[in-house]
Amino acid sequence: MRTILKRATDGLLDWLGATPAAHDHWERWVACLVAVAAALLFDWLCRTVAVRGVRQLVLRTRATWDDELFSPAVLRHGCHIFTAALLASVLPAIFDDMPGTHALVLRLTEIGIIVTVFLFINALLYAVFRIVAARPAWQNKPIKGLRQTGQGIAALICGVLVVSTLIGKSPAIFLTSLGASAAVIMLIFHDSILGFVSGIQLSANDMLKVGDWIAVPKAGADGTVEEVSLTTVKIRNWDNTVVTLPPYMLVSDSFQNWRAMQLSGGRRVMRSVSIDMNTVRFCTPAMLDGFRSVALLRDYIDETERRLAARNAARGVAPGDEGPDALRQTNLGLFRAYLERYLRAAVPVNASMTLMVRQLQPTETGLPLQLYFFTDTVVWIEYERIQSDVFDHVLAVIPQFGLRVFQSPSGGDVQALRPEEEPVRGRPSASAGR
């Protein structure tokens, strides 16, 4: 093969007017330019004919993965490898009689092959990860960081081979010499190494996906994950600002992921109203008769009355006794029972999740009555509408149970306590003289 290339090169130089005995330098460089032009023409023909032909065959198949594996970018870089290999075979042969130039051209062509192979591997990694990302099991997984890691490793190998070729040393010797500067390398690639490890942890433990709603209060992030790469996690907040965090921050620190809530089909409501404790009292028979008109409470009142009567009789309390020993219903207890039945009957709650109305620790601002339930939707707008409708009703119905909401006095409350002002003596009133 080498003899054939030598004969072809000599023929090219003879055609340019040089004698076999004394080929001038400029004639060799002209031959080099002609060889490069021929290689570029070959590369263009390869990309025009071969790429189009292969793409037509690929698009006719039923499978979709081959559309990415044999994408135009992969095929073009494959053609570049053949072109680089052709130049590496021809160009050094032109300078056989010039040892220094021959060695330089040989190294440059070898570097060209290394770079074109790296670009081909880079395009192939893009295609493979696009195929993986299209699979349902891998959708929204943070695999971009893994792809960038693979590309980084390929770039590192390419850089080592290029430098080894330039200095004319074995890659093993070059890597051994880098051992002394490992600390410097670790310092330079500190974020990339941490990001790589953190990306693997995020993916392996299924801690984060693209599209998840997460909250990182320390970083001011509360929104949807848009991108997970080797060194950054991009989060779009609800106010459309973008927060960029390093992946290792999410692994080393805590963050809140709302994905489980979104998948559960219910979002929690946990809100309280403060009741004025001075308005809590026992229910009289007249009050119970009035509350029996409420359909949601009728069965509860009758059942509770029977239960309390049995317990009072067992304790020796006479019927109708209103002393402190008698067990009686309160307006606050009826209100709690009403709210539980109201939530189950009139509010779109998730019946499979916890629902309760409970009292919290009394404070100087009243007795907190907390509603704890889950809506049957996780859509934010619908969730807020349901929550607002519930507490609109709660605040409006509280007075009907003889209760009052506790709130700090307003200016109108203070003004209502002031006595009516008398007209100043010596000054006629507005109606005087009429």
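Colleague: Let's start small: which backbone nitrogen does the side chain of Thr-377 reach, and at what distance?

Modeller: Good place to begin, and keep in mind that this is a predicted model. Thr-377 sits in the loop between strand 8 and helix 15. From there, its side chain reaches the backbone nitrogen of Val-379, at 3.1 Å.

Colleague: Is Thr-377 buried or exposed?

Modeller: Look at what surrounds this residue: leaving out residues up to four places away in sequence, Thr-377 touches Gly-265, Gly-266, Arg-267, Glu-382, Tyr-383 and Ile-386. Its relative accessibility is 16%. Buried means under 20%, so Thr-377 counts as buried.

Colleague: Helix 15 comes after that loop. How far does helix 15 reach from its first C-alpha to its last?

Modeller: Helix 15 covers residues 380-397, which gives 18 residues. At 1.5 Å a residue, the expected span is 26 Å. The model comes close to that, with a reach of 26 Å.

Colleague: Where around helix 15 do its buried residues lie?

Modeller: First, the names: Tyr-383, Ile-386, Gln-387, Val-390, Phe-391, Val-394 and Val-397 are the buried residues of helix 15. Because they cover an arc of only 135° around the axis, they end up on the same side of helix 15.

Colleague: And which residues are exposed on the other side of helix 15?

Modeller: Let's turn the helix around in our minds. The buried residues have cover that includes strand 6, helix 14 and strand 8. On the other side, the exposed residues are Ile-381, Asp-392 and Ala-396.

Colleague: Now the sheet: which strands stand at its edges?

Modeller: The sheet is open and has three strands in the order 6-8-7, with antiparallel pairing. Two of them have a single partner strand each, so one side of each is left without a neighbour in the sheet. From one strand to the next, the twist averages 20°. The edge strands are strand 6 (268-275) and strand 7 (356-359).

Colleague: What is the bridge partner of Met-356 in strand 8?

Modeller: Strand 7 and strand 8 (residues 367-374) run antiparallel, and four bridges join them. In strand 8, the partner of Met-356 is Tyr-372.

Colleague: Which strands does helix 15 touch where it packs on the sheet?

Modeller: It helps to look at helix 14 (residues 331-346) as well, which packs on the sheet and touches strand 7 and strand 8. The direction of helix 14 makes about 20° with that of strand 8. Helix 15 also packs on the sheet, and its direction makes about 20° with that of strand 6. The strands touched by helix 15 are strand 6 and strand 8.

Notes
Residues are numbered from 1 along each chain as its sequence is written. This is a predicted model: local features need pLDDT of at least 70, side-chain atom pairs count only at pLDDT 80 or more; totals for chains, interfaces and linings use all residues. Side-chain values use heavy atoms; hydrogens and water are left out. Two strands pair if DSSP finds at least two bridges between them. Helices (H or I, at least four residues) and strands (E, at least two) are DSSP runs, numbered from the N terminus. Axes are lines fitted to C-alpha atoms, for helices over the stretch in contact, and angles run from 0 to 180 degrees between N-to-C directions. Contact means heavy atoms within 4.5 Å. Buried means under 20% relative accessible area, exposed over 50%, partly exposed in between (1.4 Å probe, protein chains only). A polar contact is a pair of N or O atoms within 3.5 Å; within protein, one must be able to donate a hydrogen and the other to accept it, and residues adjacent in sequence count only if both atoms are side-chain atoms. The expected span of a helix is 1.5 Å times one less than its number of residues. The arc is that of the directions from the helix axis to the C-beta atoms.
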